[in-house]
Amino acid sequence: MYSDKKNVLQLLALLKAYNIRHMVLCPGSRNSPLNHSLSTDDWFTCYSVTDERSAGFFAIGIIQHIQEAVAVCCTSGSAVLNLAPAVAEAYYQMLPLVIISADRPAAWVGQMDGQTLPQPGVFNTLVKKSVQLPEPQSPEEDWYCNRLINEALLALDTQGKGPVQINIPLSEPLFQYAKEALPEVRKINRGICCPSFKEQTAAESYLNRFREAKRPLLLIGQHLPDNALAPWLKRLKEQEDCLIFAEHLSNVHVKEVSTFFDAVLYKLPEEQKKELAPDLVITLSGHIVSKRIKQWIRSNPPAGHWHISESGEIADLFQSLTEIIACDSLSFIKELITEDHTTAEHKPYQEAWERCESLYTPSQPAWSDLYAVQQLCENIPANASLHLANSSSVRYAQLFPLPQNTHVFCNRGTNGIEGSLSTAVGYSAASERKTFLLTGDLSFFYDMNGLWNPHISPNLRILLNNNNGGEIFYTLPGLSHSGALNPYIAGNHHQSASAWAESAGFLYLQASDEKELKENIAIFVSPETKGPVLLEVFSTIENNTEILRKYYKQVVSS
């Protein structure tokens, strides 16, 4: 039986019409008509996560796996605010997250009534659409409620994907469940609103301008796993004299794409960097982690920078944007490849870069968290997924190769410390793939409540680099001289994850030297190991900082 609330019934019926099945439900009384109705309908897949701060990122993890919209439902008041970090992350990752926020009648907001605050539009510009549903009392209000829900759900993937908020006021009584079926509802369909790339271009051909460039560079940002783009990039590199750079987060795995450009750029003298600087930059997909490539291009501004974005929103990453092309990446790349074009025998730009890249010889780091990252990257099994916490974890992982079929994720939308653990937990709960999380101590302890839910997958593996603080702050020029660094900036501590991991049902392993790590990482990655595993690696910030410095100095032979 469903709730008798008309706005609840309309919402459920339209969630079905839009094929949004996965629901992350946070306990509460004001949202109980929603939670009851959703959880008793077998069409929906429901997950119970108590803490809203974790629940939003848990939903993001599911989205990353199924690549479809997922909803998170919360009660009224401050519960809504606790979803804000996940909403921001979903916005900048362009992920279709539906926030269903139960609310009290608007008349009681600001009247000293419990759990009330102005919820409509509370996420401001971090959602693509925010709607406030009525509590329908007439046919006109029924129509209005239907229209608002349609508008919100259509906005999930209009001009690119992103989060939406559906705020739903619910008056007492809340606990009447008398409806046996959902109503017939109107679903508003969207027609084709994105014409082909050729129709979007003016008389001047992007293809000709691309070929006129002497040093064109394609830079691919964060992208969900998708095999469609890789073969077209390979063809483009074979046909044209261009460079293609992609970080692990792009999930593009072909040998024609350079993934170690950050380490190579570290050693190149400024004069050579200037000679190799692109005169045309084309950016595809999402965020770029490397600060070094941002500095390289900003210091040597290209004549043209084209940003390919389905949303058509401006992203002037290098302060040299000349074109924003509202198109999906695959369609754009296909238009740069022609069957009748003769492949050039001599490719001076590619050859110049490849000479520099051939000098790339990764050194073997000594015992440190960098060493632990290398061991993880070298031992990840085939067909696994790797989640990376922000800061050092995502940067260190980029220095080492991964199996080509590894799916890589990181919450780079806002680059925040929160939610990395919850996202990996959510992903592993929805996926059958072995799921590895590489995280530092501050990210892990900040999000420890990510283990506080009943959906921990036996496929989850967590490698926790614990150096008792925020190591990256010690590598920033000038900050190391601050007297406030230890207690107030780097978050120094003396905590271990052992008790928390074991209480959450994890097999707990630890390593304090190379021997222990090699022994335990074999258990950590083994398919014979049953249940979730947490491997905590202990090191010191001082040693890690020195090893990182030496690694970069040795990474390219002189």
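## Around helix 3

Right after helix 3 comes Gln67, with a positive phi near 55°. Helices here are DSSP runs of H or I with at least four residues, strands are E runs of at least two, and both are numbered from the N terminus. This is a predicted model, where local features need pLDDT of at least 70, side-chain atom pairs count only at pLDDT 80 or more, and totals for chains, interfaces and linings use all residues. Residues are numbered from 1 along each chain as its sequence is written, and side-chain values use heavy atoms, leaving out hydrogens and water.

Helix 3 itself covers residues 52-66, and its end C-alpha atoms sit 21 Å apart, which agrees with the expected 21 Å because its 15 residues count 1.5 Å each (the rule is 1.5 Å times one less than the number of residues). It's mostly covered, with 12 of the 15 residues buried (under 20% relative accessible area, 1.4 Å probe, protein chains only). Among them are Phe57, Phe58, Ile60, Ile62 and Ile63, along with Glu52 and Gln64.

## The whole chain

Zooming out, the chain has 22 helices and 17 strands. Its radius of gyration is 25 Å, which agrees with the value near 24 Å for a compact globule of 558 residues (taken over C-alpha atoms; the rule is 2.2 Å times the number of residues to the power 0.38). The C-alpha atoms fill a box of roughly 75 × 65 × 50 Å along the principal axes.

As for packing, 55% of the 558 residues count as buried. Take the contacts (heavy atoms within 4.5 Å) with a separation of 6 or more: 76% of them join residues 24 or more positions apart.

Technical notes. Buried < 20%, exposed > 50% of the residue type's maximum accessible area, 1.4 Å probe, protein only.
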